[in-house]
Amino acid sequence: LGIPAEPLFRSVYQQAMPLADKLYLTEVDVTPKQADAFFPSYTDWVLINQEYFHKTPTSPAFSFNVYEK
């Protein structure tokens with residue numbers, strides 16, 4: 001397509017956010033060294049459920065989260 005992936009996917013997520021009433025997100029407790037794509041801000045959403053998994057020798061800590069508007 002010739003379109004960089006980051007702007008394409010960011011646009012899709014940003015366009016879909018106003019249509020959503022729930023977000024089901026897996027949040028991984030790690031910061032990549034060369035991250036080039038980020039999910040749109042959802043700070044105005046309310047966390048209604050969280051299932052947390054501690055770090056192991058083979059996996060970073062992560063959680064399954066559900067947010068509502």
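This briefing describes the fold, the core around Y67, the aromatic pairs and the residue S63 in one chain.

The model is predicted: local features need pLDDT of at least 70, side-chain atom pairs count only at pLDDT 80 or more, and totals for chains, interfaces and linings use all residues. Residues are numbered from 1 along each chain as its sequence is written, and side-chain values use heavy atoms, with hydrogens and water left out. The chain has one helix and three strands; helices (H or I, at least four residues) and strands (E, at least two) are DSSP runs, numbered from the N terminus.

**Overall fold and surface**

- Read from the N terminus, the order of the elements is α-β-β-β.
- Of the 69 residues in the chain, 14% are buried. Buried means under 20% relative accessible area, exposed means over 50%, and partly exposed lies in between (1.4 Å probe, protein chains only).
- The chain exposes about 5,800 Å², an area from the Shrake-Rupley method with a 1.4 Å probe, in which for residues only the protein chains shown count as cover. Carbon and sulfur atoms supply 57% of this exposed area.
- Among contacts in the chain with a separation of 6 or more, 54% are between residues 24 or more positions apart. A contact means heavy atoms within 4.5 Å.

**Y67 and the nonpolar core**

- Y67 sits in strand β3, which covers residues 62–68.
- Y67 counts as buried because its relative accessibility is 10%.
- L47 lies 20 residues from Y67 along the chain, yet their C-alpha atoms are separated by 4.4 Å.
- Leaving aside neighbours within four places in sequence, Y67 is in contact with ten residues by name: D21, K22, L23, L25, E27, Y42, W45, V46, L47 and I48.
- The side chains of Y67 and E27 make a polar contact of 2.7 Å. Such a contact is a pair of N or O atoms within 3.5 Å; within protein, one must be able to donate a hydrogen and the other to accept it, and residues adjacent in sequence count only if both atoms are side-chain atoms.
- Y67 also belongs to the largest nonpolar core, together with M17, L23, L25 and W45. A nonpolar core is a set of buried Ala, Val, Leu, Ile, Met, Phe, Trp, Tyr and Cys residues joined through side-chain atoms within 4.5 Å.
- W45, another member of this core, touches residues including M17, L23 and Y67, not counting those up to four places away in sequence.

**Aromatic pairs**

- The whole structure holds six aromatic pairs. Rings of Phe, Tyr and Trp (its six-membered ring) pair if their centres lie within 6.5 Å; planes under 30 degrees apart count as stacked, over 60 as edge-to-face and the rest as tilted.
- F53 and F62 form a stacked pair, at 4.8 Å centre to centre with 10° between the planes.
- F53 is partly exposed because its relative accessible area is 28%, and F62 is partly exposed at 22%.
- F53 also pairs edge-to-face with F64, at 5.4 Å centre to centre with 75° between the planes.
- This second pair links distant parts of the chain, with F53 in strand β2 (residues 46–53) and F64 in strand β3, 11 residues apart.
- F64 counts as partly exposed, at 39% relative accessibility.
- Ring pairs also join Y13, F39, Y42 and Y67 into a cluster.

**S63**

- S63 is located in strand β3 and is buried, with a relative accessible area of 5%.
- The side chains of S63 and N65 are joined by a polar contact of 3.0 Å.
- Not counting residues up to four places away in sequence, S63 touches L25, T26, E27, Q50, E51 and Y52.
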